[in-house]
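Student: I'm new to this one, so could you walk me through it? Let's put it on screen first.

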Amino acid sequence: MEDKAFVLVFGTSADPFHEGHKALVLESVKALARQGHSVCEVLIMPVYRHHNLQDDVKEFLPLSYEDRFAVCQLAAQEIEAALKPLGTSVKVSRLEKELAERSNKANFTSETLQALRQNLPPNLQLAFLVGIDPFAGEDPAFGHWYKPDELMAAADLVVSPRKGFEANESFIQALKARGARFIFLKQLNIPEISSSIIRQRVENGEAPFLLADEGLISPATASYILRYNLAEAWRQIDSSRSDESLNLDPHPSEALEAKIGAMLFKCKLNLATAESCTGGLIGHRITRVPGASEYFMGGIIAYAYEAKVNLLGVKWQTLRKAGAVSREVVLEMAKGARRALNCDLALSVSGIAGPGGATPNKPVGTSWVGLSAPDGAWAWKHALHNDRLGNMQELSQIALQHLYNYLLQKTNSSLPS
């Protein structure tokens, strides 16, 4: 079979893109050429939203995206000039941002590569440049990536070496048996440079052109840092970071909202809430979990009838016929929250917390929970027997338990590997 030319993808969340990254791309293309592989185009892919909840930079990536994109463009021009003898073009792609904005959530590498593959001419082969790190160790990280088989089907894996890391050969062979196509690069001369150290030095007042003189960043990047005062932007971001991260494999004894957060992330689902009698208590519990911004879109507290109608689209006719505390209303609340916040799941609650508000057919403690999802909508009735605050707290726990049960069923049937 005739070899196809490669489109080589290099994804990066680096801020700033430095000379080490530039060298990696350059040397990888040259190494591929030495091994008989032609690279017609390099796509530098700045990450828009990170999918790793244990990386504290994730929250700020959208804020820094335009500057990171611009610095990557400067580097792309220099890389393309250096690769002119090989005829390789170098571009910077906004695809990660487009995919994230379209889905309203972070996208994974497999999804990015699948989207690229769909739009690529059949005479070109997609290749993904990745370090050896995810394929090293007793339990290689690549085995836990989102839908790795779809990733491997979309692109060849071009693996660059890194000092201190050795490939897990049995793991590599198992991936090959599943269809993975590897190209291992050798003898790359890549300088060890850290973006975080560059940022720290600039934030501490060092002149960017001194770092350029040391070969850490290009003069064009140094000029951009000065022109757009990235030192101050970096200070703002770095001073706001938290060391907290979401535990993706919580112990069963941990809070229900932490377990739900981990499951939402693993299923790549996002959530909204529509609360009446709990007054935002469910949303409060969800947002207590570090990293909740990756899957929780927000909540709507619709206490009064007018709020349910105006914010969630509940019909006046439904309220008059069934009452605010009813199966019909919580279902309309959940569907309205999904629509308003453009998310996968919405959890809703309505109840009579007490001490007043009871009717002959609906005593204090009567409560309903609703859940709207792509595969259906459900509602559950509960009778609570606490004081007002106790009813609110118990209903929030019950609602989260219903959500947890739904997610548990989904993860057991379709948990990504």
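Student: Which residues in helix H3 (residues 95-103) are buried?

Tutor: First, this is a predicted model, where local features need pLDDT of at least 70, side-chain atom pairs count only at pLDDT 80 or more, and totals for chains, interfaces and linings use all residues. Residues are numbered from 1 along each chain as its sequence is written, and side-chain values use heavy atoms, with hydrogens and water left out. Helices (H or I, at least four residues) and strands (E, at least two) are DSSP runs numbered from the N terminus, and buried means under 20% relative accessible area, exposed over 50%, partly exposed in between (1.4 Å probe, protein chains only). In H3 the buried ones are Leu95, Glu96, Lys97, Leu99 and Ala100.

Student: What covers the buried residues of H3?

Tutor: The cover includes two helices and a strand. The helices are H2 (61-82) and H4 (109-118). The strand is S2 (39-46).

Student: Why can we call S2 largely enclosed by the rest of the structure?

Tutor: Look at how many of its 8 residues are buried. S2 is largely enclosed because the buried ones number 7 of the 8.

Student: Which strands pair with S2 in the parallel sense?

Tutor: Two strands pair if DSSP finds at least two bridges between them. S2 has 7 bridges with one partner, where Gly11 stands opposite Met45, and 4 bridges with another, where Leu43 stands opposite Lys91. Those partners are S1 (residues 5-12) and S3 (residues 89-92).

Student: Is Glu41 buried or exposed?

Tutor: Glu41 lies in strand S2. Setting aside residues up to four places away in sequence, Glu41 touches Phe6, Val7, Leu8, Thr88, Ser89 and Lys91, where contact means heavy atoms within 4.5 Å. With a relative accessible area of 17%, Glu41 is buried.

Student: What is the volume of the second largest pocket?

Tutor: On a 1 Å grid over the protein atoms alone, a pocket is an open set of points where a 1.4 Å probe fits, with protein on both sides within 12 Å along at least five of seven lines; lining residues have an atom within 4 Å of a point. Grid points are joined across faces, edges and corners, and a volume is the space filled by probe spheres set on the points. For the second largest pocket that comes to about 260 Å³.

Student: Which of the residues lining the second largest pocket are closest to its centre?

Tutor: There are 18 lining residues to choose from. The closest to the centre are Ser276, Ala324, Val325, Gly351 and Ile352.
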